[in-house]
Structures are given as structure tokens and as C-alpha cells.
Amino acid sequence: MKIERVEVFGVAVPLIGEYKNAYKSKSIQKSAVVRITATGGAVGVGNIDPSPGYSKETIEQCLDMLERKLAPSVIGLDPTNVHRVLETINPAVEGFYDAKAAIEMACVDLSAHVSGVPVHAYLGGAEKDELLFNAWIGILPPDEAVKETMGWKSRGFRSAKIKVGGGIEADRDRVKAVRAAVGPDFNIRIDANAG
Amino acid sequence: MRVGVPVMADESVLDHASLINIIRHDAADIVKVKVMKQGGFLNTRRMIATVEAAGIRCVVGHGFGLGVNTMAEIMLAATSKNVIDGLECVGPLKTSDDIVTHKLDISSGRIALPGGPGLGVTLDDAKIAQYRFEVKAAA
């Protein structure tokens with residue numbers, strides 16, 4: 001089996017509302033989507049969503065590297081030998097882990113597909129039957145943070161990540177208010193990014 | 001210096017070398033990994049194994065993923081008990097739409113393990129066309 005085609009798409013999907021962390025506020029998510037087609041029509045997809053300020057390279061840099069260098073470099077390779085694909089893309093450029101991940105993800109998706117198993121089985125097997133998610137609370141005033149967290153709790157969430165990095169007193173007030181509102185049976189994680 | 005609250009390393013975790021550095025310096029109680037940030041499934045899964053061997057727990061999840069990246073993290077996280085409950089791959093809660101045919105519904109805070117095959121997602125070509133943007137060539 002050989003990779004015959006690698007499509008790279010830049011997509012910008014609007015977010016519901018605005019999301020603020022220590023770096024910036026955003027209302028749209030710019031992402032890269034990769035589709036690999038191999039011999040016989042086998043398909044695998046990959047996707048990365050770099051965050052401004054957090055990710056080492058911008059989405060524009062990732063898309064450029066994918067289109068110019070990484071995608072062309074894997075044409076003709078066997079997508080089901082992910083090690084060999086990594087041997088090609090890893091040394092192609094320093095860094096750019098996000099962009100490399102998009103290609104690798106598509107190869108793993110394809111490989112698991114042709115084997116007829118989910119990716120978790122391809123990786124050795126699942127140890128969990130159910131996955132729990134963290135609610136996400138941005139840099140908000142305490143009363144808004146409480147309102148949002150209680151909303152998530154009422155929907156069934158058992159934990160939340162609260163963004164901080166907008167001023168130490170404001171951060172303290174936000175976290176304190178949320179803890180007082182949710183009580184002890186709810187996990188709180190705080191995230192300052194590098195702010 | 002010890003603080004009373006567990007500390008998680010996130011931006012400082014990139015490749016295996018950076019992870020080993022954190023472990024050697026006893027710099028974190030938890031590390032945050034992402035399929036995207038760590039360069040793919042295989043790298044990330046191996047880093048999760050290293051983390052576990054070091055007696056450190058793991059958090060998985062990029063907060064703004066579209067349906068493909070989000071499913072990738074869900075499936076990866078499912079493969080290790082060392083990944084703490086509270087996945088952070090909650091992009092589907094924030095995005096108004098998606099580029100896969102079935103947008104994940106995680107609004108209740110939990111889902112049953114999806115069954116694939118592969119990632120179990122299909123690209124929606126119409127949505128890709130709708131949201132597509134072109135990168136302007138460098139000057």
C-alpha cells in the first residue's frame with residue numbers, strides 16, 4: 001500500500017462566544033485538516049488546531065509546512081508503517097510537532113481502518129469504557145465563572161478547568177467563588193498557561 | 001520548593017527529551033500531553049508510558065479541537081489508566097460547527113468509548129468547503 005494523495009485544508013470554524021486565557025481572547029478556531037488517500041482508496045484523516053500564544057508555530061506556518069514540505073514528502077510511502085513515515089517527516093524540519101501530528105494521525109487512522117479496529121485497539125487496547133470531560137471556564141469575573149461552572153455541573157460534569165493569569169487577586173477571587181459554589185465533590189484544575 | 005497543590009507541566013512538555021528533563025528535576029506532579037503537541041499518537045502514547053513509569057499522572061486534551069483531533073485524544077486517553085479523569089479535549093463544546101459528519105456530543109460531561117473503526121470519523125466535504133481559508137503566500 002502506498003500513499004497516493006495528501007490533501008491539506010485550512011479551515012476557520014467560529015466558536016460559540018469568546019474564550020479568554022492568559023494569552024488572548026478568541027472567537028474563531030483556525031485549524032488544519034489532512035486527508036491521506038492510499039492504494040485501493042484507503043483513507044485516513046488528521047487534524048490539528050494550534051492555539052495562538054500556546055502553540056510553537058502559527059496555523060499559517062503549520063499549513064505552509066504541511067503543503068510545501070511534509071505532505072509531498074510522504075507520497076509513495078506505506079501509510080501502515082507509521083515508523084517509516086515518522087522517519088521521513090521528523091527530520092524534514094526541526095520542531096513543527098503539530099504539523100507532523102496531522103500527518104501521523106491520518107496514517108494511524110488509515111492503518112487502524114484497514115485493520116478493521118478502532119484506534120484505541122491499534123494502540124494496544126482501551127483501559128476505560130467511559131470518558132469524563134473537564135468543563136472549561138475562562139478568565140471571567142467571579143459571578144460569571146460561578147454561573148458557568150454551576151451550569152456545567154448541572155449538566156453532569158464532575159470537574160472543571162479554570163483559566164487564570166489575569167491578575168492574582170482576580171484569579172484568587174474567581175477560584176474561591178467557584179469552589180464555594182460547587183462544594184467539595186467537584187474537581188477544580190487551574191491553568192495559567194505561561195501567563 | 002514544595003507547594004501544597006499538585007503542579008502540572010504543560011507548555012514545557014514537547015518531546016521525550018523535555019519530559020525526561022521534567023522528571024529528572026522532579027518539576028511536576030502531573031504532565032499535560034496532546035496528540036497534536038507531541039507529534040502524533042505513537043510519540044504521545046510512549047510519553048504517557050514514560051510518565052507512568054516515573055510515578056507521575058497524565059492529563060490529556062487540547063481544549064479547542066475539531067472533531068478529528070478531539071476523537072484522537074479521546075481514543076488515546078482511553079488506552080491508559082494513568083490518564084486522569086477530566087479530559088480537556090472539549091473543542092466540541094466551544095465550536096459552533098464541525099468539519100466531520102457527526103459532531104461529538106459531550107454536553108453531559110461523559111461519553112461511552114467510541115468504537116471506530118479507525119477514528120470513526122468522516123470528513124464533511126461541504127463543511128470543509130464552507131470554512132476553508134487559504135494561507136497567503138509569504139511575501
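User: Let's fix one term first: buried means under 20% relative accessible area, exposed means over 50%, and partly exposed sits in between. Going by that, is Asp10(B) buried or exposed?

Analyst: Buried, because its relative accessibility is 7%. Keep in mind that this is a predicted model.

User: OK. Which residue does Asp10(B) form a salt bridge with?

Analyst: Lys32(B), with the closest N and O atoms 3.9 Å apart. The two come from distant parts of the chain, 22 residues apart: Asp10(B) is in the loop between E1 and helix H1 (16-24) of chain B, while Lys32(B) is in strand E2 of chain B. Lys32(B) also counts as buried, because its relative accessibility is 2%.

User: Which residues are linked with those two in a network of salt bridges?

Analyst: The network takes in both chains. From chain A there are Lys161(A), Lys163(A), Arg189(A) and Asp191(A), and from chain B, Lys37(B) and Glu88(B) join Asp10(B) and Lys32(B).

User: How many salt bridges are there over all chains?

Analyst: The count comes to 18. One of them crosses between chains, from Asp125(B) in helix H5 (residues 125-131) of chain B to Arg35(A) in strand E2 of chain A. Their side chains meet at 2.9 Å, N to O.

User: And that pair, buried or exposed? Start with Arg35(A).

Analyst: Arg35(A) is buried at 14% relative accessible area, whereas Asp125(B) is partly exposed at 43%.

User: What about Glu130(A), which residue does it meet in a salt bridge?

Analyst: Arg110(B), at 3.2 Å, N to O. That pair also crosses between chains, from strand E4 (residues 130-132) of chain A to strand E4 of chain B. Glu130(A) counts as partly exposed at 37% relative accessibility, and Arg110(B) is partly exposed too, with a relative accessible area of 32%.

User: Back to Arg35(A) and its strand. Why is E2(A) largely enclosed by the rest of the structure?

Analyst: Because ten of the 14 residues of that strand, which covers residues 25-38, are buried. E2(A) pairs with strand E1 (residues 3-20) of chain A in the antiparallel sense over 13 bridges. E2(A) also pairs with strand E3 (residues 43-48) of chain A, again antiparallel, over six bridges.

User: Which residues stand opposite each other there, say for Tyr19(A)?

Analyst: Tyr19(A) stands opposite Lys26(A) in E2(A). On the E3(A) pairing, Val33(A) stands opposite Asn47(A).

User: How many residues are between E2(A) and E3(A) in the hairpin?

Analyst: Four, and Gly40(A) in the turn has a positive phi of about 80 degrees.

User: Zooming out, how many helices and strands does chain A have?

Analyst: Six helices and seven strands. Along the sequence the pattern goes β-β-β-α-α-α-α-β-β-α-β-α-β. The C-alpha trace spans about 60 × 35 × 25 Å along its principal axes, and buried residues make up 51% of the 195 residues in the chain.

User: Switching to chain B. What's the strand order in its open sheet, and is the pairing parallel or antiparallel?

Analyst: The order is E1-E2-E3, and the pairing is parallel. E1 and strand E3 (57-60) are the edge strands, each pairing on one side only. Strand E2 (residues 30-33) of chain B pairs with E3(B) over four bridges, and Val31(B) has Cys58(B) as its bridge partner there.

User: Since Cys58(B) came up, how many disulfides are there over all chains?

Analyst: Zero. For Cys58(B), the nearest cysteine sulfur is that of Cys89(B), 13 Å away. Cys58(B) is buried, at 0% relative accessibility.

User: Anything on the helices of chain B? How many residues does H2(B) have?

Analyst: H2(B) has 13 residues, 41-53, and reaches 18 Å from its first C-alpha to its last, close to the 18 Å expected at 1.5 Å a residue. Its buried residues include Phe41(B), Leu42(B), Met47(B), Ile48(B) and Val51(B). Just after H2(B), Gly55(B) takes a positive phi of about 75 degrees.

User: Last one: which residues form a nonpolar patch on the surface of chain B?

Analyst: Val3(B), Val5(B) and Val7(B), with about 240 Å² of accessible area together. Val3(B) is in the segment before strand E1 (8-9) of chain B, and is partly exposed at 46% relative accessible area.

Technical notes
Residues numbered from 1 in each chain as written. Chains lettered and ligands numbered in written order. Predicted model: local features only at pLDDT ≥ 70, side-chain atom pairs only at ≥ 80, totals over all residues. Heavy atoms only, no water. Buried < 20%, exposed > 50% of the residue type's maximum accessible area, 1.4 Å probe, protein only. Pairing = 2+ DSSP bridges. Patch = residues over 30% accessible without salt bridge, like charges linked within 9 Å, V, L, I, M, F, W, Y side chains within 5 Å. Areas by Shrake-Rupley, 256 points an atom, 1.4 Å probe, with all protein chains shown as cover. Salt bridge = Lys/Arg side-chain N within 4 Å of Asp/Glu carboxyl O. Expected span 1.5 Å × (residues − 1). Disulfide = S-S within 2.5 Å.
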